[in-house]
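Please work through the exercises below with the structure open beside you, trying each task before reading its solution.

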Amino acid sequence: MAIKEKSGIKKYLRLNKFPHIWCGGCGNGIVLRGILQGIDDLGLEQNKIVMISGIGCSSRMPGYVDFNTLHTAHGRAIAFATGVKLAKPDLHVIIITGDGDCAAIGGNHLIHAARRNIDLTVVILNNSIYGMTSGQYSPLTPYGSFATTAPYGNIEQSFDLCELVSSAGATYIARSTTYHAMQIPKLIAAGIENSGFSFIEIILHCHTYYGRKNKIGGPVEMMEWQKSHAVPISKKGSNIDMTGKFYIGELKKTRSPEYCKTYDELISATQRRKES
Amino acid sequence: MKKEYKLLQGNEACVEGALMAGVSFFGGYPITPSTEIAESLASRLPLTGGKFIQMEDEIGSIAAVLGASLTGAKAMTATSGPGFSLMQELIGFACITEIPCVIVNVQRLGPSTGGPTSPAQGDMLQARWGTHGDHNLIALCPTSIEETFYHTIKCFNLAEEYMVPVILLMDEVIGHMRERIKIPDQKELMIINRQQPSMPPEEYLPYRADERGVAVLANFGKGYRYHVTGLIHDETGFPTNDPKETSKLIRRINYKIENAKDKLLDFQKDNTEDAELIIFAYGSTARSALRSAHEAREQGMKVGTFIPKTIWPFPEKAIFELAEKVKTIMVCEMNLGQLVYEVERAVKGKARVELLSKASGELITPKDIMKKVVEVYN
Amino acid sequence: MKDLPLWLNLKSLSEKQKKLFNIEINYLWCKGCGICIYYCPKKVYTAGELGKPQIMNMDDCINCRLCVMRCPDLAIEVYPREEEKL
C-alpha cells in the first residue's frame with residue numbers, strides 16, 4: 001500500500017510539465033491530487049479516461065495529467081464531454097471547470113447535462129472569483145464581497161450550484177473543500193462510479209485575488225475559513241446556525257436512467273424492429 | 001448493381017449523403033430551414049448504430065460534434081444563420097485543434113432572425129471569416145439536390161482528409177426544393193477515413209504534421225494519450241508562447257488548405273470559350289443563371305456561366321483566366337454583394353465586374369438575370 | 001526490541017514498535033506556500049529559505065498524509081521507511 005502510494009499518482013502526471021502554472025498555495029493543486037487519488041483508488045485504465053476542461057485557472061488541469069485530455073473553449077467543457085461520452089460510452093469522462101466557466105458562461109450546458117443524467121463526472125473548483133483574468137466577480141461570489149469588477153462590493157446574489165443541478169436531475173452530488181482534502185478522493189471515486197451525472201463542488205481558496213481583495217489572508221487563513229464554515233451533511237437537522245455556512249459530504253445519491261445506456265437500448269430496439 | 005431513384009428535398013439528400021459517407025454522430029438544435037436534417041437523422045442514425053442528440057443550443061451542438069469527432073466518429077451538425085453565428089467561436093477551435101467535422105448551413109435571410117423561411121446567400125463571407133484570428137477552412141455550395149447529396153459526401157471526405165471543419169453552404173431553396181436523384185451503391189463511392197498514427201504511443205506527436213501539413217490525431221481511447229487545446233500549441237499539442245512555434249502553427253493550419261487548392265477547387269464552366277459576358281452564380285442562383293445564359297445565347301448574346309462549387313478556397317485563378325478573355329463578369333447573389341468582392345479581387349481589373357443582388361427573401365429568377373444581362377452586355 | 005537501533009529505543013514513545021516514515025520534498029515543484037508547515041500535527045516542518053519547508057523531525061512523522069494531500073504543488077511524498085529498502 002505504502003509503496004504503491006509513493007508512485008501511486010505519479011504515473012498519472014505529465015512530469016515534464018511541472019512545476020505547474022498555478023500560484024504558490026493555490027487550491028487547484030490540492031484538488032488535482034485528490035482527483036488523481038480517487039482515480040487511483042478505483043484503478044481505472046489511463047487510456048479510458050478523458051479529462052475535459054473549459055477556460056480558467058482550474059481548466060489548465062488537463063495539461064498536467066496523462067490521460068486523453070481536452071482543453072476546450074470557455075464554458076463548453078460539458079458540451080464537448082457530452083459528445084465524447086455519447087460517441088464512446090466506455091470512456092470515463094471527467095470535467096474540470098471553475099465557477100465562472102461552469103456557472104456563468106457554461107450554465108446552460110450544466111443544466112442540460114444534469115437533466116439528461118449523462119454519465120459525466122463534473123468537478124467544479126469554486127474559488128468565488130475569476131482568477132485567470134485577475135479577480136472579477138463570478139455568479140458564485142458572495143453578496144458584498146469585493147472583486148476588481150465589484151469595487152464597492154458585489155451587489156449580485158450568488159446561488160447554490162449543487163441545488164441547481166439537483167433540481168435539474170443530477171444523480172450524485174457532493175461538496176468538499178481544500179481544507180477537507182482527505183475527503184476529496186472518496187467523493188471523486190463515488191462520482192466516477194455513479195452511472196449518471198455526478199457533480200462534485202470543491203470550495204477552494206484563491207488567496208491571490210479573492211483572499212487579497214477581501215482581506216482574508218493567505219492560503220492557510222482561507223483554509224481555516226473553510227474549516228469554520230463547512231458543516232458535515234450528517235449534521236443536517238441539528239440546531240446549527242447555517243448562516244453563511246455550507247454542507248459538505250455526499251449531498252445526494254439517487255438513481256435514474258442514464259442517457260447513453262438508454263440510447264443504446266433505443267438502438268437495439270430500433271434495429272430489432274427493422275429486422276422484424 | 002442496385003440503382004435507387006428517390007424524390008428528395010435538399011435537406012433529405014444531405015442526410016442520404018451523410019449516411020453514405022458514414023456519419024455516426026449528429027448534434028444539433030432545431031432551426032428553420034435546416035430542421036429536416038435533424039429530424040431525419042434522429043430517426044435514421046439509431047438504425048445504423050449512430051448517435052443523435054438534440055443539444056441545448058448551437059454552441060453546445062458544435063461542441064458535442066467536436067467531442068464526438070475526437071473519438072473517431074464522423075460527426076456533423078446542421079443549422080441556419082443565427083445558429084451558424086453562435087457556432088463561430090468553436091469553428092475556430094476546430095480549425096486550430098484540427099478536429100474534422102461537417103457543418104451544414106441552410107442559409108436564410110438575415111441579419112438576426114430575419115426571414116426564417118426565406119432564401120438568402122448572406123453567410124458566404126461569414127463562413128470564411130466568421131471566427132476570429134487567421135484560420136482557413138473549406139466550404140462547398142451545391143446547386144441541386146443531387147449535388148447536395150454528393151457534396152455532403154465530399155464534405156466528410158475533405159474534413160477527414162484535411163482535418164478541418166468543412167461547411168456545406170446550402171440555401172433555403174436548395175434545402176426545401178424536391179428533385180429526383182439516383183442514389184448510388186456505396187461501393188461506387190470514394191469514402192475517405194482520417195489517418196491514424198502507425199508509430200508506438202511513446203513516439204507519437206499529435207501535431208507533427210504530415211507532408212501536406214495535416215495533423216494526425218489518434219482517436220481518443222486508443223492508447224495514444226495526448227493533449228488537445230485551443231491555445232497555441234507546438235507539435236506535442238501542449239501550449240507554447242514561442243513566437244517561432246506560434247507562427248509555424250498559424251501558417252500550417254492556413255497553408256494546408258491553401259496548398260491543396262488545386263485539388264480542392266471544383267467549378268463548372270458553361271459556354272465560356274467565346275463568351276463576352278460571364279454570369280458568376282452559385283447555389284440556387286446558379287440554376288437561374290444557366291437558364292438565362294441559354295436564353296441570352298438564343299438572342300445572340302455571347303453569354304457563359306461560371307459556377308463555383310467550392311466557395312472556400314476561392315477559385316481566383318480560374319476567374320482571372322476568364323477575365324482576360326471576357327468583357328464583363330456579372331455576379332448574381334442573394335445578398336447585397338459578398339462574393340463580388342472576391343471576384344473583383346480575382347479579376348485584377350482585367351474585366352468589368354457587375355453585380356445583380358437581391359436581398360428581399362425571394363430567389364433570383366432567370367427574368368431578373370436576363371434584364372441585367374441586357375443592361376450590361378454592351 | 002533488541003533489533004531496533006539504540007536511538008529509536010531511547011526515543012520510543014510507546015511500548016509498541018514505532019513506525020518510521022520517510023518524507024521527500026520536491027523542491028523544484030514546491031512554491032513555499034507554508035500549508036504543510038502550518039497543518040503538520042507533529043510539527044515536522046519548519047520554514048526554511050523562501051518559506052519552503054525544512055524537515056526537522058522526520059522521525060515524528062505519523063503518516064497522517066495531511067501534508068501530502070494538502071500540498072498544492074504535489075511536492076510531498078511520505079512512505080514507510082522500512083519498505084523503502086524492499
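Two residues are in contact when heavy atoms of theirs lie within 4.5 Å. The model used throughout is a predicted one.

**Exercise 1. Locate B:Ser34, decide whether B:Ser34 is buried or exposed, and find which residues B:Ser34 touches.**

Step 1. Following chain B, one finds B:Ser34 in the loop that runs between β2 (25-28) and α2 (35-44).

Step 2. The relative accessible area of B:Ser34 is 2%, and since buried means under 20%, B:Ser34 is therefore buried.

Step 3. Leaving aside residues up to four places away in sequence, the contacts of B:Ser34 are with B:Asn11, B:Ala78, B:Thr79, B:Ser80 and B:Val106.

**Exercise 2. Describe how domain 1 and domain 2 of chain B meet.**

Step 1. The domain assignment places domain 1 of chain B at 4-188 and domain 2 at 268-376.

Step 2. Taken over C-alpha atoms, the centres of these two domains of chain B are separated by 26 Å, and the contact draws 26 residues from domain 1 and 23 residues from domain 2.

Step 3. The size of an interface is often given as the accessible area lost when the parts come together. Between domain 1 and domain 2 of chain B about 1,900 Å² is buried, with carbon and sulfur atoms giving 59% of that area.

**Exercise 3. State how many cavities of 30 Å³ or more there are, and describe the largest and the second largest.**

Step 1. The count comes to five cavities of 30 Å³ or more.

Step 2. The largest cavity holds about 90 Å³ of space, and of the 14 residues lining it, C:Cys40, C:Pro41, C:Cys61, C:Cys64 and C:Cys67 are the closest to its centre. By class, the lining of the largest cavity has eleven nonpolar residues, one polar and two charged.

Step 3. The second largest cavity has a volume of about 70 Å³, and its lining includes C:Ile25, C:Cys30, C:Pro53 and C:Asp73. Nine nonpolar, two polar and one charged residue make up the lining of the second largest cavity.

**Exercise 4. Find the volume of the largest pocket and say which residues and elements line it.**

Step 1. About 810 Å³ of space lies in the largest pocket.

Step 2. Its lining is formed by 33 residues, and A:Arg175, A:Glu201, A:Ile203, A:Lys245 and A:Phe246 lie nearest the centre of the pocket. Two or more lining residues come from each of α6 (161-168), β5 (172-177), β6 (198-203), α9 (219-229) and β8 (246-253) of chain A.

Step 3. Sorted by class, the lining of the largest pocket consists of 17 nonpolar, nine polar and seven charged residues.

Conventions
Residues numbered from 1 in each chain as written. Chains lettered and ligands numbered in written order. Predicted model: local features only at pLDDT ≥ 70, side-chain atom pairs only at ≥ 80, totals over all residues. Heavy atoms only, no water. Helix = DSSP H or I, 4+ residues; strand = E, 2+ residues; numbered from the N terminus. Buried < 20%, exposed > 50% of the residue type's maximum accessible area, 1.4 Å probe, protein only. 1 Å grid on protein atoms, 1.4 Å probe; cavity = no way out; pocket = protein on both sides within 12 Å on 5 of 7 lines; lining within 4 Å. Points joined across faces, edges and corners; volume = space filled by probe spheres on them. Nonpolar A, V, L, I, M, F, W, Y, C, P; charged D, E, K, R; others polar. Domains from an automatic or database assignment. Buried area = accessible area lost by both parts, 1.4 Å probe.
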